[in-house]
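Hi everyone, thanks for making time this morning. I'd like to walk you through one structure, so let me put it up on the screen.

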Amino acid sequence: MTFAALGLNEPLLTTLNSLSYHTPTAVQQGAIPAILGGRDVLAGAQTGTGKTAAFLLPLIQRLGGQSAQSKAPLVLVLAPTRELAQQVADSAGKYAQGTAMRTGIAYGGVSLRPQIEALAEGREILVATPGRLLDLINQQALVLSDVAALVLDEADRMLDLGFSDEIRAILKLLPKTKQTLFFSATFPKLVKDLAYGMLKDPLLVEVTPENSTVDAIRQTLYQMDKGKKAGALAFLIGSGNWQQVLVFVRTKQGADALVKELALDGIKADSLHGDKSQGARQRALDDFKAGTIRALVATDVAARGIDIVSLPHVVNFELPFNAEDYVHRIGRTGRAGNEGHAISLVARDEENLLADIEQLIGRPLPMIWLTGFEPAFDEALARSGNPRKQRAKAKAKAKAQAVYGIKKKK
Ligand code: AMP
């Protein structure tokens, strides 16, 4: 399969060639012809699948020749985070080189003025986070009446971050007739409801569920006490001589605390989370990419949209509450045919989360002990047995009752 066979024109093919994109990814193969034909698309795809090019390339071709009546955007891409917005805008700049389409960006946490000035010059493609977009509209720096295509990128994250009111407000300001492209990694009920309310006869594009790609990643799970995790992580980084490790934690405070603990062990680290200024986040990311720091400690939301291909190590310092996030997290390693290793540090009170993850990926994830960081012996636990095994037993019993009609003994 080639990009030419998908219907892309010569100028774009030349650009793709210069970027060394030779073969379209699965989501590109599915989505590009439909988007070129003006159809709505509902795509299940996450970062790393090539989804950005899947929507930008055909939109640039389809709308690039259209002379705008005003300086207002023709393509509006909504993204959940500044990082993702920046990444999509960078891609748009690359793909639209040599065309008349100019890319603008709008996200919060930085001064409004440069964004207002850029919009005044005219931007055919605008990539924005929902809150800042509404601010710009309120400032009368922007109208959405010319938008011919709307893209929701990482719609699930936008709802997770509480942008549902903003999205609904933005939808009201958009023309009724437009093409809508809806991208999301997961489809919980709220996301489905939003999608079905927005799309007209969409083409469904589902990229191979990432759950199956998980098998290509080496996964190691260490059972350990909470209090030993920071020391164990420093030991793993040091003894393995890891130079670039992405560490996932659940909270912003947890991220900052872990960075301090790693520093005490002589490991240079920085955190990436939503409470940091845009400048500080970009610096942390640049330092990580450049190898100035060895560990980047991130929350799930902040880590979405980080465009680092093939990280050698990903650590779950804490398991995520949402099992699907485990799959997203470990999918950050082992990309593009590179070997990857995902390590999880699992405390006793996280073992029920592990059961959910095992169910999602459809296979057991046995835990082992890390020498020197074994969990403390717990007498109560020894007496009562392992809670995971007990839960599994209870589940099996309930299933047997359901299947074979076995009744509980009185
Ligand atoms: P995305 O899923 O859009 O974040 O893209 C992930 C990465 O893959 C980005 O660095 C893109 O530049 C790159 N990419 C996208 N499509 C292709 C392709 N067909 N061939 C090679 N690289 C690609």
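Let's begin at the ligand: how far is an oxygen atom of the ligand from a polar backbone atom of Thr49? The separation is 3.0 Å. Please keep in mind as we go that this is a predicted model.

Two further contacts belong with that one. At Thr52, a polar side-chain atom sits 2.5 Å from an oxygen atom of the ligand. At Thr23, a backbone N or O atom is 2.9 Å from a nitrogen atom of the ligand. As for cover, the ligand taken alone exposes 490 Å², and the protein buries 79% of that.

Now the wider shell. There are 13 residues around the ligand, and those that come nearest are Tyr21, Gln28, Gly48, Gly50 and Thr52. By character, the shell splits into 9 polar, 2 nonpolar and 2 charged residues.

Thr52 takes us to helix 3, which covers residues 51-64. How does its length compare with what you would expect? With 14 residues at 1.5 Å a residue, helix 3 should span 20 Å, and its end C-alpha atoms are 19 Å apart, so the two agree. Most of this helix is covered, with 11 of the 14 residues buried. Thr52 itself is on the buried list, and so are Lys51, Phe55, Pro58 and Leu63, among others.

Tyr21, from the nearest group, brings us to the aromatic rings. The count for the model is 3 aromatic pairs. In one of them, Tyr21 meets Tyr95: the ring centres are 6.0 Å apart and the planes lie at 70°, so this pair is edge-to-face. For anyone who wants the cut-off, planes over 60 degrees apart count as edge-to-face. Tyr21 is in the loop between helix 1 (10-18) and helix 2 (26-36), while Tyr95 is in helix 4 (residues 82-95), so the pair ties together parts 74 residues apart in sequence.

Are these two tyrosines buried or exposed? Tyr21 is partly exposed, at a relative accessible area of 28%. Tyr95 is buried, at 4%, because buried means under 20% relative accessible area.

One last stop, further along the chain: helix 15, residues 323-330. This helix is mostly covered too, with 7 of its 8 residues buried. Those buried residues include Asp325, His328 and Arg329, along with Tyr326 and Val327.

That's my tour, and I'm happy to go back to any part of it.

Terms used. Residues are numbered from 1 along each chain as its sequence is written. This is a predicted model: local features need pLDDT of at least 70, side-chain atom pairs count only at pLDDT 80 or more; totals for chains, interfaces and linings use all residues. Side-chain values use heavy atoms; hydrogens and water are left out. A residue is near a molecule or strand if one of its heavy atoms lies within 4 Å of it. A polar contact is a pair of N or O atoms within 3.5 Å; within protein, one must be able to donate a hydrogen and the other to accept it, and residues adjacent in sequence count only if both atoms are side-chain atoms. Accessible areas come from the Shrake-Rupley method with a 1.4 Å probe; for residues, only the protein chains shown count as cover. Ala, Val, Leu, Ile, Met, Phe, Trp, Tyr, Cys and Pro count as nonpolar, Asp, Glu, Lys and Arg as charged, and the others, Gly among them, as polar. Helices (H or I, at least four residues) and strands (E, at least two) are DSSP runs, numbered from the N terminus. The expected span of a helix is 1.5 Å times one less than its number of residues. Buried means under 20% relative accessible area, exposed over 50%, partly exposed in between (1.4 Å probe, protein chains only). Rings of Phe, Tyr and Trp (its six-membered ring) pair if their centres lie within 6.5 Å; planes under 30 degrees apart count as stacked, over 60 as edge-to-face and the rest as tilted.
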